[in-house]
Every structure is written in C-alpha cells, then in structure tokens.
Amino acid sequence: MTAVRSGAIGVIGAGAVGQGVAMLLAAGGWCESVRIVSRTGLSARALVTDLEDMCQVTGSPVRAVHTTSPRELASCEAVVVCPRAEFVNTNRTNVRMAGLNANAPVIATLARALAHYQGLVVMVTNPVDIMARLFAEVSGCHRVYGVGTNTDSARYRLALAAQLGVAVKDVRGHVIGEHGDQAVVCASSTSVNGRPITVPVGRIRRELADRPARINAGLGRTRCGPAGAVIAALRAGLGLEDRVVELSVNHENRWLGIPLRFTAGTPTVCLPRLDAAEAWQLVAADIKLRDAYQPLARLHAPAPPSQKEKTAVTRTATRIATTTQAATVTSNSTVVTDWAVRYFGPWWNATSTTPAPDAPVNADVNPDRVTEITQCVAEHPHEETVYANTSMLVRRDSDGTVFAAQPEDKTAYKAEPGGPLHIYGCEDVPVALAAARLVREVVRGRLLADGWSILHASAVVRDGQAVLTLGDKGAGKTTVGLLLARAGWQLLANDRVFIRPEDGRLRVLPWPSAAAIGLGLLDALGWYDQVRERVQRGEQLHPTQHRKVTDALHSGSRKPLWKESGKELKPQFFPDQLHSWLGLTLATEGHAARILFPQIIPGAEPTVLDAERTVRDADFFTAGTEDRYPDVFGFLPTETTSTEPLRDRLGELPRHALNLGHDVDVNTDLLTQVASA
C-alpha cells in the first residue's frame, strides 16, 4: 500500500465501472476515503459493505462511505461520474452514442447538483465526449475530463504490438478524437523503438472494434479497462503522478479526446503530428460531436449570452504597403495584426490603422466558422491542392464564391467575387500565419498587375545598388546573400524579389518571408551559439520551424537535418530577427546592378568562371511555376506581362558565374571582390 496522499474521492454510480473504480481506489491506499452515491442507494450501500470487507482483509487505510446525495460530494478532491440510465442498446454501429438521449438528463441533473464544484471531475458515462461537455457547461466546473481515448490508445498499442511481434512498451502512438466510431488512429506519428513504422490501419481498426465487443459478449460490460483509465486520470489530474493521458477536454472550443501532459496536476496539450487525412478525420469527429451536442444544449445547458451581448469585439487593423501598392488586414485578435506589423515591417511598411469594412483580408479567431466551412467543403464536390506545404480542400460555387479548408491547421476561408477574403481559425497563431501569407498575396497580385515580376533570387544592397544571386535550388543563393550581408551589405531578400524596369533602371523590392538558414551554415557563419543561447532562454523562432530543429538547437547538435524527401530542415527566422539576433541590416529597395550565378562544390577553390550564364524563364516565378502559393482565391491577374523584355534588360547587367567551397572567409573575400567591382 502507498501512503495516503489525497483526500476524499467521490464515485457517482455503482455499476460495472463504478465498482471497478471504487475497488481500485480502496485497494490503492492513496486516498483518504471513497464516497459512493447511486440512484436508489441500494447498490451504493452494497458496494460500501463489500469494500469494507476488502479493506479489512487487505489492511487498506481507505474508508468506504455511503453518501445519499451528489451534493455531499462537494468537499471531495475529485468526483468520478459513471451512472448509466435504463435503456436497451440495439446499435450495431455508433454503439457508444446509443445512450445519448437517455443519459443526458441524468448527467445534467448531476451537473446542477454540483454547480461550480471546484474539484476534478472525471466523466465515464457514454457518449463520454458529449457527456463531459454537457456536465462542464451545465455545472460551470472548469476541470472536467472524459475518459475513453486513453483506453482506445492502450488498446491501439496492445493491438499494434501483437501485429508486429514487439513489446508494448516499445510502441508509441495515440488514438484521439471521438471515443467511438470517429476515433482517429494517429498512424503517421506512431513509432516503435523511436523509429517510424507503417501501421496496418485497417486491421488495427477492426481489432479496436472487436476488443470491447469480445469483453461485452463474455462479461456484459467493459469494466477493468475503463476503471484503470479513470485511476490514471485521477492520479495525473490530482498531481500524484506526472504522465501523458489521452482525455476528452475543451481545447480550442472543441470537446475531443487528445493527449495531455500532466505536470504537478497541470495539463499541457501535446497533440501528435497529424497528416492531412488524420487532420481531416479529427475535424469530422468534431463536426459529428457538435451536431449531436446542439439539441442537448438547447434542452439542458443554459444559453450563454452571445459574444456581442457580453462585450463589443474590438477589431484592430494593420496596413501593409510597398512604395507603390498596399493592403489592409483586420482581425478580432491583436495577435494577428501585431504579427503583420512584425512580419512586414522590416522590409515593407506596416503600420496600425483604423479598421475599415472594405479591408481586403479579415482574419478572425472563430472555431465555429472553421467547423461550418470545413463541413460545407467536405460535403460538396471539391478539389485538393497544397498551399504553404499543407493540404487545402477547395470548393468553388457557381456564383464564384470560394470556400477552402486546411484541416491540419484548423483554418478555413471564404472569398466572394470582388469582396474581401475571410480567414477563420481556432487559435491566434495559425490565423496570423494565414493572414500574413494571404495579405502578401493580395499585394503580390497588385504589384504583378502594375508590371512587376518575381525573380527566384537573393539580393543585397549597398549605396542603392543591388547584387542579385540566381540559381536553382541548392545553388547557394541564400549563402551568398548572407555572406555579403555579414560583410556589410544590406540584405534585401533571401529567396525572392520583385523587379520592374523603371526610369531606365531595374528597381527591386523585397519579398517578405521567414528566412531559412541551415544548421551547418548557421554554424559556419559563427551564429549558432548565440542563436542556441536565445532558444535555450525561451525565445521563439518562427513557428513554421520543424520541432526537430528546435530540439537540435536545445541539444547543441550542429549536424544538418533532412526530410525523407531530401529537403533540409532549417531554423526559421522572423525578418526582424535577422537584425536583432544576427546583427544584419535590412534594405527596403534597390536597383539591380550585378548578377551572380554561384554553385557550391565541397573542397573547391572559390573562383570566377569563364562560363556564360544568362537569366532564364526558370528564374522567374509565375502563376504556372508557383509551387508554394497557388492562386486559390484569384488574387493574381489573369493576363501576365511577358518576361522577355525584362530578361533582355537583365542580360545587359554584369554577370559572374562562381564556384564556391565551404571556407566561409575565402568565399566572402571572393564575393566581396566581385560584388564591389
């Protein structure tokens, strides 16, 4: 027996699971007493008598107490809610949803009896995700968790270990979403001994469905597994044990089963990485549970005042402008508009302004609209594309309205012809990211219509004269730009630039974006240690940075990281961090004066080549060649300006093909000499 470390635990319901929970609590010895309530009192008194016998035989210090009313549990540290109304379950699918209408009045009555209870509530009654939400919203309790996905995850790991012939302890994986038919198997993030594996999802799903059916066929009800899940939730939630537990909880206004990491009783969401299909399954689970909950809410839950009735929503706005074009983003979150100031300010002009109803981009935190639009897209014919490396589902109505959803990011979009773009998300940061990308697309479209083109190039500026560096991916454009910026030039762009003939010269503007710098290059340039020190102090790089990169910086690893696709994983810097972290000076415009065409060859002696290299069509970004930001919402002009005259003008500039090695100082000497010629 362990020493008594907690006070009283209340158990409502003395059925199969209630009996299992009470028995484990009494045998565990870590709570002062178990207080049991049942509908008639008969089963509660019988269970208390049975527990008294067990505690006497085993020497457990836990007292079993019969309590006549749920209100008498208000002084308990935690309450387990597991009653079951009388009904016959004839469902062959959605088995756990069968008790929805029968159990809801029971749970709502208990919630009113425990209104504003301050302790921990663990919900067991099915459908558990909906009953947990109902109890929380009727009672006003803030710490309500539903068990279910914890048992599902345990079954998943057991089934997968059996399929693969490995030890269960070596399997890492989760089942999230609904505790029911809409459960999401997180196969893409599952590992064995730390290595990714291919999960036989179909066979695993069949086993997850068959396992409780086998238990029910032999015992009538599942009891031990759910009871164990309750104990795990209690010990984690009461701060007796630090661990990860999958529980149904209100996260982003969605009641779904997700992994929570408990530290001293405080939970932190630790959702696994999801691929696009899994992210959509999670949205589908949310839609199903919301649809099922709404009729119950109208019957049992108090109708909260609307947001407008509570307080007027304060909207803010940021105006983003180049020297020739501008656009405004408005939001109900200051995070979104402040983000735009930070993101665009160092290279373009970004200032706070008065919100206007005709702003081209409106970006709001609104989970309900995310669910509504995502459902609208999924239930009608749609296409799928990839936008900013994330799957996007797109539906186009006959009137030209575009609806889109990115389930993985939990964002949704609506754009009417000639009207503003509306962006919705469940959290501030994903909305801010989407707003920054798309307001940039609005400005991009206006610049292209005004005769500008986009070059795949880095650029540095000195005395208004810009040196452009062109080449294929991996040629060294970013490296050359950073080496020259480190040597005293101003950094104009690290990947793309806008360019247009103007007054007999070629004017160049930056393309604001996060700057990706590989770990090896960061180390070679002498910046690794100062970046690592800032990260270890808790300062944040751009959120699109892969978690493996952050982990590498924390651990001190300088070894380059790669995706399976062959793409390097790199630290991602906000534009302002290029100055505040790395000490670089940024430029806002320049005039093209010289072009470099580098190639990096390990061990090569840096040298200028005699080879002639000209600007090609492949050096331009067009609607047809754009690989990261397809024109989903029609921001770009349908007629594009020919790049041939611009290519001819670029061909008149001094051009140099270069071989570079890995010696930073020698490379810098050559580049400075050529760029300054």
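Isoleucine 423 is in contact (heavy atoms within 4.5 Å) with Val361, Asn362, Ala363, Asp364, Ala412, Tyr413, Ala434, Ala435 and Leu438, when its neighbours within four places in sequence are left aside. The model is a predicted one, in which local features need pLDDT of at least 70 and side-chain atom pairs count only at pLDDT 80 or more, whereas totals for chains, interfaces and linings use all residues. Residues are numbered from 1 along each chain as its sequence is written, and side-chain values use heavy atoms, with hydrogens and water left out.

Ile423 is also one of the residues that touch the most other members of the largest nonpolar core, which has 45 residues; the others named are Ile320, Val329, Phe344, Tyr413, Phe498 and Phe633. Such a core is a set of buried Ala, Val, Leu, Ile, Met, Phe, Trp, Tyr and Cys residues joined through side-chain atoms within 4.5 Å, where buried means under 20% relative accessible area, with a 1.4 Å probe and protein chains only. Among the elements that give two or more residues to this core are strand 22 (411-415), strand 23 (421-425) and helix 12 (428-449), helices being DSSP runs of H or I of at least four residues and strands runs of E of at least two, numbered from the N terminus. Helix 12 gives the most, with 12 residues. A second, separate core of 43 residues includes Ile12, Val37, Leu73 and Val128.

Helix 12 also holds glutamate 441, which is buried, with a relative accessible area of 2%. Beyond residues up to four places away in sequence, Glu441 touches Tyr387, Trp511, Tyr629, Phe635 and Leu636.

Conventions
Buried < 20%, exposed > 50% of the residue type's maximum accessible area, 1.4 Å probe, protein only.
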